[in-house]
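These are my notebook entries from a session of looking things up in one structure. I record each point as I checked it.

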Amino acid sequence: MGTPSARVPLVERVEQLLAPGGPLPIVAAGDPVLRRRAEPFDGQLDPALLVRFVEALRRTMHAAPGVGLAAPQVGVGLRIAVIEDPAPVPDEVRVARGRVPQPFRVLIDPSYEPVGAARAAFFEGCLSVPGWQAVVARPAVVRLLARDEHGRAVDEVFAGWPARIVQHETDHLDGTLYLDRAELRSLASNGAMAGLWAQPTPDRAAAALGFELP
Ligand code: ZN
């Protein structure tokens, strides 16, 4: 919790980010803001500015396009993230990855813990690491604690692809990138992904590139 004077720059920075009205520039890996633990949200942005900021995150996520975006990815070190996944994928992929549609959500001060020991490993990417994907083994089911944009408590169990999204975005708020958790031998360019590894599961990639799956 900063002093009032320390908060002025943050509010000014957010106002400047929002002024043009379009999607926000996305910060790429290498920027320290992606490696710091973001500050808990305690009203640093007043309610009207929070609404505008969340809307800008949503607009930016749609434009990218992506299925989640955390505030540090636009250079704002607050524990705020948005998620939304219409899941426009073939049935085969939906079943293999549990990629069911996830409505728009705002996650404030989220944290998660695994539920059970099952892990799921799939390729994932990050808007802050453009051009690449890698396989990350993650808890298959997690319990998420957070607040929504109205300050209401969220205590919810996520499975399938939505569980992956909430873990990825919450990790951003802890200064963690998916590459920190990835099987680095799986690292693949978007071109390689499209040409070679579009299967519903990474089984063939694991055999061909030489990495383990859980
Ligand atoms: Zn990311």
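I began with a term: a residue counts as buried when its relative accessible area is under 20%, as exposed when that area is over 50%, and as partly exposed in between. The model I am reading is a predicted one.

**Entry: helix α4**

I applied the cut-off to helix α4 and found 13 of its 14 residues buried, so the helix is largely enclosed by the rest of the structure. I then looked up its span. From the first C-alpha to the last, α4 reaches 21 Å, which is close to the 20 Å expected at 1.5 Å a residue. I noted that Gly175 follows α4 and has a positive phi, near 80 degrees.

Which strands does α4 lie across? I found that the helix, residues 160-173, lies across β4 and β5, and that it runs at about 70 degrees to β4.

**Entry: the open sheet**

I turned next to the sheet that contains these strands. Its three strands follow the order β4-β5-β8, with antiparallel pairing, and the sheet is open. I identified β4 (119-124) and β8 (182-189) as the edge strands; each has a single partner strand, so one side of each is left without a neighbour in the sheet. On average, neighbouring strands here are turned by 20 degrees against each other, direction ignored.

I checked one pairing in detail. Strand β5, residues 132-139, pairs with β8 in the antiparallel sense over four bridges. In the register I noted that Val136 stands opposite Ala182 in β8.

**Entry: the zinc site**

Which residues coordinate the zinc ion? I recorded Cys126 through SG, His168 through NE2 and His172 through NE2, at 2.1 to 2.3 Å. The spacing of these donor residues in sequence is C-x41-H-x3-H. I located Cys126 in the loop between β4 and β5 and His172 in helix α4, so this pair ties together parts that are 46 residues apart in sequence. Are Cys126 and His172 buried or exposed? I found both of them buried.

**Entry: the β6-β7 hairpin**

I then examined a second antiparallel pair. Strand β6 (residues 141-147) is joined to strand β7 (residues 153-159) by seven bridges. The two strands form a hairpin with five residues between them, and Gly151 in the turn has a positive phi of about 85 degrees. Across the pair, I saw that Leu144 stands opposite Glu156 in β7.

**Entry: salt bridges**

How many salt bridges does a search of the whole structure find? I noted 16, and I followed up several of them.

Glu156 came up again here, since its side chain meets that of Arg105 in a salt bridge at 2.9 Å, N to O. This pair links distant parts of the chain, with Arg105 in strand β3 (residues 102-114), Glu156 in strand β7, and their positions 51 residues apart. I recorded Glu156 as partly exposed, at 30% relative accessibility.

I next looked up Arg94 and Asp91, whose side chains meet in a salt bridge at 3.9 Å, N to O. They are three residues apart in helix α3 (residues 91-97), and therefore separated by about one helical turn. Arg94 is partly exposed, with a relative accessible area of 25%, whereas Asp91 is exposed at 59%.

A further salt bridge returned me to helix α4. The side chains of Arg181 and Asp171 meet at 2.7 Å, N to O. I placed Arg181 in helix α5 (residues 178-181) and Asp171 in helix α4, ten residues apart. Asp171 is buried, at 2% relative accessibility, while Arg181 is partly exposed, at 41%. I also found both residues in a network of salt bridges that links Glu124, Arg138, Arg164, Asp171 and Arg181.

**Entry: Gln102**

Last, I looked up Gln102, which is found in strand β3. At 8% relative accessibility, I counted Gln102 as buried. Which residues is Gln102 in contact with, leaving aside its neighbours within four places in sequence? I listed Ile83, Glu84, Asp85, Phe158 and Pro162.

Methods
Residues numbered from 1 in each chain as written. Heavy atoms only, no water. Pairing = 2+ DSSP bridges. Axes fitted to C-alpha atoms, helices over the stretch in contact; angles between N-to-C directions. Contact = heavy atoms within 4.5 Å. Donors = N, O, S within 2.8 Å, 3.2 Å for Na, K, Ca; no water. Buried < 20%, exposed > 50% of the residue type's maximum accessible area, 1.4 Å probe, protein only. Expected span 1.5 Å × (residues − 1). Salt bridge = Lys/Arg side-chain N within 4 Å of Asp/Glu carboxyl O.
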